[in-house]
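Me: Please take a close look at the salt bridges here. I would like to know where the partners sit along the chain, and whether they are buried or exposed.

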Amino acid sequence: MRKMRDAVEEKEREVVQAKWEVARRRAICGGQAAAIAVTTYLNALSDPARREKFGQRWVNQGFIITFEGMLSAAGKELGMIEDASVAIDMLRDFEVKLERGGDGEEGENVEDVRVDVGALKNRITFTVVLKGDTFEKIPEMLSGATVRFFPVLFQMGVDIKQWGKNLVTSSTTSRGGPRTAASVGNYLEDGDGSEPVPSDLLTDLNNKALTRLNKYYHEVDNFGYQGSDSKELPIHPSLGTLFNFVQEGGRKIQHGVLDAAGDAGFEVGGGGVIYCKSGKDRTGMGVTLRERQWAERR
């Protein structure tokens, strides 16, 4: 009996340690994601044309943030993908609002940022206190209004490890070729709708993000289609290219997933975040490419 009791106590200690480690990682990663989200919102807010055009949409539907990850699902970066996925999901319970401050110092637009936890602890509000003359430039619909975050995470490994993993996956898993189904639900299931299609982490993450982004687009303009379940909604015409890239992304490195996702978020007034492991090589190339693309459009 004593050996059994000691074994149980040891397992309990392991469970407590695991819970502590999860809570610690959530606190660190969630705080980082929150800072990035608020900064991304303020960056979009600094563009007069975008805040005037999309301000009411931000209030009504939320501020969409497209995270474009370039981590590999093979090797040590897999844990980073998991951390990022959880932290970015936490942003769905976060919101931001603007408040008028004093005159402030020259060159300082933000005086303070306060964090308030809701009564049920399921809603966290970031109140950004802006310098008086900066606040006066904010459209009336955003003055004091609460804007919730609408995060989506698209992920595509772009290194040799990911290439190798895709090669092994494509040679051992039959996916039946590209699909032309018109809904996210049909992409999630095989032809008869009875069994899920074999998939991997990146495909699952991208499909989850596509489902959420598709719902957001239908809230903007649903072309008269009525539906409640986001998985039953047809793919929005504006997301056809992204849909095709996501299907291909499970079999090969398809950087078009990130390009199309970033463009889709931007077109409906959202902000974008590009990241990798260290924020140097892959992120630098991704940001440079995106800046070039946006410069050409302007």
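Reply: Helices (H or I, at least four residues) and strands (E, at least two) are DSSP runs, numbered from the N terminus. The model is predicted, so local features need pLDDT of at least 70 and side-chain atom pairs pLDDT 80 or more, while totals for chains, interfaces and linings use all residues. Residues are numbered from 1 along each chain as its sequence is written, and side-chain values use heavy atoms, without hydrogens and water.

The count comes to nine salt bridges, each being a side-chain nitrogen of Lys or Arg within 4 Å of a carboxyl oxygen of Asp or Glu. Three of the pairs are taken up below, one by one.

The pair within one helix is Glu10 and Arg13, whose side chains meet in a salt bridge with an N to O distance of 2.7 Å. Both residues belong to helix α1. They are three residues apart there, which means that about one helical turn separates Glu10 from Arg13. As for solvent access, Glu10 is partly exposed at 35% relative accessibility (buried is under 20% relative accessible area, exposed over 50%, partly exposed in between, with a 1.4 Å probe and protein chains only). Its partner Arg13 is also partly exposed, with a relative accessible area of 49%.

The next pair joins two helices. Lys208 forms a salt bridge with Asp89, and the closest N and O atoms of the two are 2.9 Å apart. Lys208 lies in helix α7, residues 201-220, and Asp89 lies in helix α3, residues 77-90. The bridge therefore ties together parts that are 119 residues apart in sequence. Lys208 counts as partly exposed, at 38% relative accessibility, and Asp89 falls in the partly exposed class too, at 29%.

The last pair joins two strands. The side chains of Arg114 and Glu99 meet in a salt bridge at 3.0 Å, N to O. This pair links distant parts of the chain, since Arg114 is in strand β3, residues 110-117, and Glu99 is in strand β2, residues 94-100. Arg114 and Glu99 are 15 residues apart. On accessibility, Arg114 is partly exposed with a relative accessible area of 31%, and Glu99 is partly exposed with 30%.

To answer your point on burial for these pairs: Glu10, Arg13, Lys208, Asp89, Arg114 and Glu99 are each partly exposed. On placement, Glu10 and Arg13 sit in helix α1, Lys208 and Asp89 bridge helices α7 and α3, and Arg114 and Glu99 bridge strands β3 and β2.
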